[in-house]
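Open the model in your viewer with residue selection enabled. The stops below say what to select next and what is there.

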Amino acid sequence: MKVVLFCGGYGMRMRSGAADDVPKPMAMVGPRPLIWHVMRYYAHFGHTEFILCLGYGAHHIKNFFLTYEETTSNDFVLRGGRTELLSTDISDWTITFAQTGIESPIGERLRRVRHHLDGDEMFLANYADVLTDAPLPEMIENFARRDAGASMMVVPPQSSFHCVELGEDGLVGGITAVSELPLWENGGYFVLRQEVFDHIPEDGDLVADGCAQLAKSGRLVAHQHRGFWKPTDTVKERAALDAAYARGDRPWAVWERDGAGVTA
């Protein structure tokens, strides 16, 4: 299945300064940027056709793949001055680089690459900045069996804050951790059918418009995931993932766990 990645936003909370024009998916986790980790996850499950919805800082993403160094994350032999790779990352990937606008909402970015989907009835989509160990085949199979227009992976609330129940007299009636509430968050991993385009207006949003309208008609399903899931909305969150990578704590790297042979 084709994989649409939304990688054109500003990522302001990840910016380290006014001169920093690197888009969030290019923030480093170990020796590779976030977008590589996301793509490697999909490729591990056999989905190697990618459509990148570019926008802000697109030249960084283009340059990364145009000058890709396989030796950074693969074992190799140097013999007679020539490099012999023992494994590869992207040799079987097909990547379409599509400029979808600097200010475009997610839904509009999706609309602008629809023709690259070649009319495929089902396809995958992702924000390109969230890492997970979710069982992708199960997610796809469950959706394929359903009569629905979209599937959204949902995760328990990640906030460490507490909700406070107040009475009319200002007395606190109870305190509950947000993580303990019967709520779910959008996890950013989608399985979609072409039907979703019927509900995304020009300059619309994938979730607020497309998924919301499908939900109203009972055609949006959720895939609940309680395993590993980490966003990278802030510098702190990205640094935590980078530190975890350095100490070998990489639950999102399913290709390593399943013996795919990638090392770093």
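**Tour by selection**

Start with Val22, which is found in the loop between β1 (2-7) and β2 (28-29); helices (H or I, at least four residues) and strands (E, at least two) are DSSP runs, numbered from the N terminus. This is a predicted model, in which local features need pLDDT of at least 70 and side-chain atom pairs count only at pLDDT 80 or more, while totals for chains, interfaces and linings use all residues. Residues are numbered from 1 along each chain as its sequence is written, and side-chain values use heavy atoms, with hydrogens and water left out.

Val22 has a relative accessible area of 31%, so it is partly exposed (buried means under 20% relative accessible area, exposed over 50%, partly exposed in between, with a 1.4 Å probe and protein chains only). Add Leu183 to the selection: Val22 and Leu183 are 161 residues apart in sequence, and their C-alpha atoms are 33 Å apart in space.

**Whole chain**

Zoom out to the full protein, which has 7 helices and 15 strands. Its C-alpha atoms fill a box of roughly 80 × 45 × 40 Å along the principal axes. The radius of gyration is 20 Å, which agrees with the value near 18 Å for a compact globule of 264 residues; this radius is taken over C-alpha atoms, and the globule rule is 2.2 Å times the number of residues to the power 0.38. Buried residues make up 45% of the 264 residues. Among contacts (heavy atoms within 4.5 Å) with a separation of 6 or more, 74% are between residues 24 or more positions apart.

**Strand β13**

Select residues 185-193, strand β13, where 7 of the 9 residues are buried. Strand β8 (residues 122-126) pairs with β13 in the antiparallel sense over 5 bridges; two strands pair if DSSP finds at least two bridges between them. Ala125 has Phe190 of β13 as its bridge partner. Next, show β10 (residues 150-155), which also pairs with β13 in the antiparallel sense over 5 bridges. Here Val154 stands opposite Asn186 of β13.

**Aromatic rings**

How many aromatic pairs does a search of the whole structure find? The search finds 15, where rings of Phe, Tyr and Trp (its six-membered ring) pair if their centres lie within 6.5 Å, and planes under 30 degrees apart count as stacked, over 60 as edge-to-face and the rest as tilted. Select Tyr42 and Tyr189: the ring centres are 6.0 Å apart and the planes are at 25°, so the pair is stacked. Tyr42 lies in helix α1 (residues 34-44) and Tyr189 in strand β13, so the pair ties together parts 147 residues apart in sequence. Both Tyr42 and Tyr189 are buried. Phe64 and Phe65 form an edge-to-face pair, 4.9 Å centre to centre with 75° between the planes. Add Tyr41 and Phe45 to Tyr42 and Tyr189 to show a cluster linked by ring pairs.

**Asp133**

Finish at Asp133, in the loop between β9 (130-132) and α4 (136-144). Its C-alpha atom is 6.9 Å from that of Trp229, 96 residues apart along the chain. Which side chain does Asp133 join by a polar contact of 3.0 Å? That of His225; a polar contact is a pair of N or O atoms within 3.5 Å, and within protein one must be able to donate a hydrogen and the other to accept it, while residues adjacent in sequence count only if both atoms are side-chain atoms. The Asp133 side chain also reaches the backbone nitrogen of Phe228 at 3.0 Å.
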